[in-house]
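This report describes how a protein surrounds its bound ligand. Please examine the sequence and the structure before reading on.

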Amino acid sequence: MESRVKDLSLADKGREQLYWAERNMNVLLEIRRRFEKEKPLAGHTIAACLHVTKETGVLIRTLVSGGARVVLIPSNPLSTQDDVAAALVGEGVYVYAWRGMGERDYYNAIGFALSFYPTVTLDDGADLTVTIHKLRYDIRDDSVRYVLETAGGLDVEKLVTNLAGGTEETTTGVVRLRALKQAGKLLYPIIAVNESYTKYLFDNRYGTGQSTWDGVVRATNMLVAGKSVVVVGYGWVGRGIAIRARGLGARRVIVVEQDPVRALEAVFDGFEVMPMDKAATEGDIFITATGNIRVINLNHIYKMKDGAVLANAGHFNVEIDVVGLERVAIAKRAIRPYLDEYILPSGRRIYLIGEGRLVNLVAAEGHPSEVMDLSFANQALAAEYITKRKLAVDIYKLPDELDREVALLKLRTMGIEIEQLTEEQMRYITSWELGT
Ligand code: NAI
């Protein structure tokens, strides 16, 4: 199968991007050095459905160093960095990705990946994994039809039998896979990389916290200082966005949250908390991060101030009711790259960033490399973990030792030393005779 990318002549530019990312991804580089010697992935074909960014490129190079044949397809049609895709093709990776591909191309890409009969899948949002399940359970929808256009004659039983395991990068993907498990339908073992501390504490919180604002600022060039910011959802992602809003000088940071414990946490963290109905009238900038559907609906949008800016940092483009907005708007026009203006029947103007898709990946470049270093170190170790053992069909978290190993490597590459317990202290904190 032939790779398909936008323009192979962008490869030189892509290699510079990869060089820059690698400067800040020392944990992954250390794993790569070990993989080069040990070749733990030899004989495996890895299908990676991830945002095609420079950081993903560094992960892919690491997997190739470990001896794997790698196929790379996008986990979002709008997040691909075309220069990186071109550079990876030049390094022997099979890539089917270009920025702005349509829905049909997106599922053609999944068909492309499956036609290699992968032994391991790496996923971000679970589109690849869920599609494999749809094929096996013979669910005939458009996505499956498009998959079969590039994977004609696919032997689904062989595909499923070949799979040693898969990984899942994000909260929403893990939720979808747990639902499959709950329904008794999960077909192969999955490692929920999102559940490693060194993933969600850093990537979801600090990575999304910074890169979401990077996306908002690039798309609008607005000053955040003095604005009222509404953050919907106070999970790991929402916490990061709220902290950074405060750091940028927002006049008010309002949190909308349905879970009482998390809402209380937001209050104690110093933020205002209120329901969306009320927050709708207060905000200048709204950012969703819930993994849920229509958390900003048309009723909320009707109440917003003229000029309100909306963006989404959650995995799917369903958090803001974009379909409803398209339907009721009396006019729409593109103002700048990734910024659309909608005029409501009342004459008020609403600005939507990146069509309501992941703002940090669409309007910016995704998480900074330093953060993806941790997430992708977990991905590389999870791929190795799968190939080293025969896992039963279930959803797993990576062992805590690996979490500690990743954190320690990161600290070491940052030149930071930490305290070591003495033998006496170790004995003391594991003894029942505390205090003596
Ligand atoms: P989480 O599960 O920790 O937090 C989500 C929060 O939203 C929960 O506290 C939940 O109670 C709240 N929520 C749900 N429905 C709500 C509603 N209608 N109104 C108010 N609050 C509501 O999840 P996490 O890790 O914060 O992830 C959130 C989303 O962001 C997921 O879709 C995840 O996949 C995505 N994500 C995006 C990243 C990016 O790069 N943009 C990076 C990491 C995760």
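## Residues around the ligand

Of the 27 residues around the ligand, which come nearest? In this predicted model, they are T170, T171, T172, E257 and Q258.

By class, the surrounding shell is made up of 15 polar, eight nonpolar and four charged residues.

## Polar contacts and coverage

Two of the nearest residues also approach the ligand through polar side-chain atoms. T170 places such an atom 2.7 Å from an oxygen atom of the ligand. For T171, a side-chain N or O atom is likewise 2.7 Å from a ligand oxygen atom. The side chain of N204 has an N or O atom 2.9 Å from an oxygen atom of the ligand.

On its own, the ligand has 870 Å² of accessible area, and the protein covers 86% of this.

## The pocket and its elements

The ligand is located in the largest pocket. Three elements each give two or more residues to the shell around the ligand: helix 9 (171–182), helix 10 (197–220) and helix 11 (236–247). Helix 10 makes the greatest contribution, with three residues.

Both domain 1 (8–198 + 367–413) and domain 2 (206–362) take part in the shell, each supplying at least three residues.

## The ends of helix 12

Helix 12 spans residues 260–268, and D259 caps its N-terminal end. In this cap, a side-chain oxygen of D259 lies 2.9 Å from the backbone nitrogen of V261. Just after helix 12, G270 adopts a positive phi of about 100°.

Key:
Residues are numbered from 1 along each chain as its sequence is written. This is a predicted model: local features need pLDDT of at least 70, side-chain atom pairs count only at pLDDT 80 or more; totals for chains, interfaces and linings use all residues. Side-chain values use heavy atoms; hydrogens and water are left out. A residue is near a molecule or strand if one of its heavy atoms lies within 4 Å of it. A polar contact is a pair of N or O atoms within 3.5 Å; within protein, one must be able to donate a hydrogen and the other to accept it, and residues adjacent in sequence count only if both atoms are side-chain atoms. Accessible areas come from the Shrake-Rupley method with a 1.4 Å probe; for residues, only the protein chains shown count as cover. On a 1 Å grid over the protein atoms alone, a cavity is a set of points where a 1.4 Å probe fits but cannot get out, and a pocket is an open set with protein on both sides within 12 Å along at least five of seven lines; lining residues have an atom within 4 Å of a point. A molecule sits in a cavity or pocket if more than half of its atoms lie within 2 Å of its grid points. Helices (H or I, at least four residues) and strands (E, at least two) are DSSP runs, numbered from the N terminus. Ala, Val, Leu, Ile, Met, Phe, Trp, Tyr, Cys and Pro count as nonpolar, Asp, Glu, Lys and Arg as charged, and the others, Gly among them, as polar. Domain bounds come from an automatic or database domain assignment.
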